[in-house]
Amino acid sequence: MANSRTALIIGASRGLGLGLVQRLHEDGWNIIATVRDPQKPGALGDIPGVRIEQLEMNDTTQLDGLKQRLTGELFDLVFVNAGVMGPLPQDVDSVQPSDVGDLFMTNAVAPIRVARRLVGQVREGSGVLAFMSSILGSVTIPDGSELCLYKASKAALNSMINSFLVELQRPDLCVLAMHPGWVKTDMGGENAEIDVLTSTRGMVDQINAQSGNAGLRFINYKGESLIW
Ligand code: NAP
């Protein structure tokens, strides 16, 4: 069925971001997708009709440039997907301050910088603002100690989303902190539990189901509620 909804996917060069673009394209969405290097779009460049924009999330000049280029667009979905795992091993004694800074800037602060600039262009009533969180961001679940810095960065993202929404005062907005599952990507590794197709089909189905349902929810790709 023809579908005129528009999505903005932040961080779509590979992995889950690319998968989200593929699923939304299958469903007939108009898509704007960002990558750090538009000269090398990879498989994203093979998807017809996708408008590719450049964004290094940690560069505020690029963020402002993207905001300017997107003036006048109205989004049914803004999905801030980009993220990093951080330094390995995640040893708190040996880790470098700059590596911790890069991890928290990319995973917790930059997504809010994106959202602050673009939330005014999320469609009133039915629009969805989604962030790629992780079940590891749940502070009440003591899993993932070998990824303790990454886990803390996603807990920080969840906290930053809450603070952002208090400041924003947009009670009409549907905001999702999403756990994609443990997924076979460069980050998730080949031993992960599910593939990109399963995860991204699930997430797109959840976005459709949650549209119009105002408020903030922390859910996984199957729509199950997670503990903050
Ligand atoms: P991935 O294959 O490593 O892809 C990461 C994506 O983020 C790439 O497109 C990368 O772009 C982009 N990115 C990283 N830093 C960026 C920055 N500073 N500015 C702009 N783009 C940046 O990882 P993935 O598994 O698809 O993960 C996507 C998201 O899901 C992440 O937020 C991750 O934490 C989350 N997540 C993944 C899993 C899993 O099992 N895979 C589980 C829970 C949560 P480049 O290609 O330019 O590097």
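# Reading the values behind the words

Visitor: Why does Asn191 count as exposed?

Guide: Asn191 has a relative accessibility of 66%, and exposed means over 50%, so Asn191 counts as exposed. Do keep in mind that this is a predicted model. Asn191 sits in the loop between β6 and α5. From Val109, Asn191 is 82 residues away in sequence, with 29 Å between the two C-alpha atoms.

Visitor: What makes Gln169 exposed, and what is its phi?

Guide: The relative accessibility of Gln169 is 59%; the cut-off for exposed is over 50%, so the word applies to Gln169. Its phi is near 55°, a positive value in a residue other than glycine. Gln169 belongs to the loop between α4 (148–168) and β6.

Visitor: How do you know that Val166 is exposed, and where is Val166 found?

Guide: Val166 is part of helix α4. Its relative accessibility is 59%, and exposed begins over 50%, so Val166 is called exposed. Another pair to look at is Val166 and Ser145: they are 21 residues apart along the chain, and their C-alpha atoms are separated by 30 Å.

Visitor: Staying in helix α4, why is Ala155 called buried?

Guide: Buried means under 20% relative accessible area, and Ala155 has 19%, so Ala155 is buried. Leaving out residues up to four places away in sequence, Ala155 touches Gly137 and Val139. As for Leu129, Ala155 is 26 residues from it in sequence and 18 Å from it in space, C-alpha to C-alpha.

Visitor: What makes Leu226 buried?

Guide: Leu226 has a relative accessible area of 16%; buried is under 20%, so the term fits Leu226. Leu226 lies in the segment after β7 (215–220). Its contacts, not counting residues up to four places away in sequence, are Ile135, His179, Phe218, Ile219 and Asn220. Gly137 is 89 residues from Leu226 along the chain, and their C-alpha atoms are separated by 9.9 Å.

Visitor: How do you know that Gln210 is buried, and which residues does Gln210 touch?

Guide: With a relative accessible area of 10%, Gln210 is buried, since the word means under 20%. Gln210 is in helix α5. Apart from residues up to four places away in sequence, Gln210 touches Cys174, Leu176, Arg217 and Ile219.

Visitor: What makes a set of residues a nonpolar core, and how many residues does the largest one have?

Guide: A core is made of buried nonpolar residues, such as Val, Leu, Ile and Phe, joined through side-chain atoms within 4.5 Å. The largest here has 31 residues, and those with the most contacts inside it are Ile9, Val21, Leu44, Leu77 and Phe79. Elements that give two or more residues to this core are β1 (6–10), α1 (15–26), β2 (30–35), β4 (77–80), β5 (128–132), β6 (174–179) and α5 (196–210). With 5 residues, α1 gives the most. A second, separate core has 30 residues, among them Leu55, Val119, Leu173 and Ala177. In soluble globular proteins, nonpolar side chains tend to be buried together.

Visitor: Which residues is Ile9 in contact with?

Guide: Setting aside neighbours within four places in sequence, the partners of Ile9 are Gly17, Val21, Leu24, Ile31, Ile32, Ala33, Thr34, Leu77 and Phe79. Contact means heavy atoms within 4.5 Å.

Visitor: What makes the peptide bond from Leu88 to Pro89 worth a look: is it cis or trans?

Guide: That bond is cis, with omega near -5°. Pro89 is in the loop between β4 and α3 (97–118).

Visitor: Why does the radius of gyration agree with a compact globule?

Guide: For 228 residues, a compact globule would have a radius of gyration near 17 Å, and the protein has 17 Å, so the two agree. Along its principal axes, the C-alpha trace spans about 50 × 40 × 35 Å. Of the contacts with a separation of 6 or more, 66% are between residues 24 or more positions apart. Buried residues make up 47% of the 228.

Visitor: What is the pattern of the protein along the sequence?

Guide: The order is β-α-β-β-α-β-α-β-α-β-α-β, which comes to 5 helices and 7 strands.

Visitor: How far apart are the mean positions of the positive and negative charges, and what supplies the exposed area?

Guide: The 19 positive and 25 negative charges have mean positions 5 Å apart. The protein exposes about 10,600 Å², with 52% of it supplied by carbon and sulfur atoms.

Technical notes. Residues numbered from 1 in each chain as written. Predicted model: local features only at pLDDT ≥ 70, side-chain atom pairs only at ≥ 80, totals over all residues. Heavy atoms only, no water. Helix = DSSP H or I, 4+ residues; strand = E, 2+ residues; numbered from the N terminus. Rg over C-alpha atoms; globule rule 2.2 N^0.38 Å. Buried < 20%, exposed > 50% of the residue type's maximum accessible area, 1.4 Å probe, protein only. Areas by Shrake-Rupley, 256 points an atom, 1.4 Å probe, with all protein chains shown as cover. Lys, Arg positive; Asp, Glu negative; His and termini not counted. Charge placed at Lys NZ, Arg CZ, Asp CG, Glu CD.
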